[in-house]
Amino acid sequence: MPTHRQAGDTRARIVAATERAIREYGIAGATTKRIAQLAGCSEALLYKHFDGKESLVLAVILEHAPVLAPALKRLGDSAGTGDLAANLTEFAVAAVEFYTNSIPTAAGVMTEPALMAGFREMLAANNLGPHMPIRALGAILWGEQQAGRVRPGADCDALAVLLMGACYQRAHLSAFVDLPDTNEAFADTVVRTLLT
């Protein structure tokens, strides 16, 4: 009987194989059979760890591009302290990195209607989705406004949407062209503009 550590190692190996399969063959070519082969396990073992392709894709997005959740936590932990613009800039850089890493996988999911439908159902059942970090950022900004660190009257949910949208757009554009400034310079400019 496998130990808990072995099961964790197997699961991690399967997630890594999924990411590799998506990168090398695209979403359509990343079949569970191919993923199992790349992971060096049977499809039956793969299904012991994951319900299907949707949960494999979600694991890749959440576990292999995990910069957003820790960045949100750091931002929340720093609420009311330090320089707000600097805190938000650090978060925005992490958001650009997260989107840069996850857009190719998410875009692939969107090209397969059946996979997209299953993915949407799984997100809804688990109260997950791309809107959740925006909500969390909005809540942090509302708290900062209550502390007098965001201008009175600003709609903090709208500020969250604008910041995350800008980060997503930058990640999207960087797939097509070399952008002239660094992610840090971009984030600093956007944050300072939003806070003015």
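# Close-up views of an all-helix predicted model

**View 1. A salt bridge joins Glu90 and Arg74.** In this predicted model, the side chains of Glu90 and Arg74 come together in a salt bridge, with 2.9 Å from N to O. The two partners belong to distant parts of the chain, since Glu90 sits in helix H6 while Arg74 sits in helix H5 (residues 68-77), and they are 16 residues apart. Glu90 has a relative accessible area of 42% and therefore counts as partly exposed, and Arg74, with a relative accessible area of 42%, is likewise partly exposed. By the rule used here, the count of salt bridges comes to seven, and two others are shown in the views that follow.

**View 2. Glu112 and Lys53 form a salt bridge.** Here the side chains of Glu112 and Lys53 meet, with 3.7 Å from N to O. Glu112 is placed in the loop between helix H6 (84-110) and helix H7 (113-125), whereas Lys53 lies in helix H4 (residues 53-63), so this pair ties together parts of the chain that are 59 residues apart in sequence. The accessibility of the partners can be read one at a time: Glu112 is partly exposed, because its relative accessible area is 21%, while Lys53 is buried, because its relative accessible area is 16% and the limit for buried is under 20%.

**View 3. Asp181 and Arg170 form a salt bridge.** The side chains of Asp181 and Arg170 meet with 3.1 Å from N to O. This pair, too, links distant parts of the chain, with Asp181 in the loop between H9 and H10, Arg170 in helix H9, and their positions 11 residues apart in sequence. Asp181 counts as partly exposed, at 32% relative accessibility, whereas Arg170 is buried, with a relative accessible area of 8%.

**View 4. Phe176 takes part in a nonpolar surface patch.** The patch is made by Leu173, Phe176 and Val177, and it covers about 300 Å². Phe176 is found in the loop between helix H9 (156-174) and helix H10 (183-195). With a relative accessible area of 62%, Phe176 is exposed, because the limit for exposed is over 50%.

**View 5. Leu137 is a buried residue of helix H8.** Leu137 lies in helix H8, which spans residues 131-146, and it has a relative accessible area of 0%, so it counts as buried. Which residues does Leu137 touch, if those up to four places away in sequence are not counted? They are Leu72, Leu75, Leu88, Phe91, Ala160, Leu163 and Met164. For a sense of distance, the C-alpha atoms of Leu137 and Gly165, which are 28 residues apart along the chain, are separated by 12 Å.

**View 6. Cys167 is a cysteine outside any disulfide.** A disulfide is a covalent bond between the sulfur atoms of two cysteines. A search of the whole structure finds zero disulfides. Cys167 is accordingly in no disulfide, and the nearest cysteine sulfur, which belongs to Cys156, is 16 Å away. Cys167 is buried, with a relative accessible area of 0%. Another cysteine, Cys41, also counts as buried, at 15% relative accessibility.

**View 7. Residues 31-50 carry a UniProt annotation.** In an unreviewed entry, UniProt lists residues 31-50 under the name "DNA-binding region". In the predicted model, this span is 75% helix and 0% strand, and its end C-alpha atoms lie 13 Å apart. Cys41, described in the previous view as buried at 15% relative accessibility, has a number that falls within the listed residues 31-50.

**View 8. The whole protein places the close-ups in context.** The protein has 10 helices and zero strands, and from the N terminus on its elements run α-α-α-α-α-α-α-α-α-α. Its C-alpha atoms fill a box of roughly 55 × 40 × 25 Å, taken along the principal axes. Of the 196 residues in the protein, buried residues make up 40%. Among the contacts with a separation of 6 or more, 67% are between residues 24 or more positions apart. The protein exposes about 10800 Å², and carbon and sulfur atoms supply 58% of that area.

Technical notes. Residues are numbered from 1 along each chain as its sequence is written. This is a predicted model: local features need pLDDT of at least 70, side-chain atom pairs count only at pLDDT 80 or more; totals for chains, interfaces and linings use all residues. Side-chain values use heavy atoms; hydrogens and water are left out. Patches are made of residues with over 30% relative accessible area and no salt bridge: like charges are joined within 9 Å, nonpolar side chains (Val, Leu, Ile, Met, Phe, Trp, Tyr) within 5 Å. Accessible areas come from the Shrake-Rupley method with a 1.4 Å probe; for residues, only the protein chains shown count as cover. A salt bridge is a side-chain nitrogen of Lys or Arg within 4 Å of a carboxyl oxygen of Asp or Glu. Helices (H or I, at least four residues) and strands (E, at least two) are DSSP runs, numbered from the N terminus. Buried means under 20% relative accessible area, exposed over 50%, partly exposed in between (1.4 Å probe, protein chains only). UniProt positions are given in the numbering used here, feature names are shortened, and annotations may be inferred rather than shown by experiment. Contact means heavy atoms within 4.5 Å. A disulfide is a pair of cysteine sulfur atoms within 2.5 Å.
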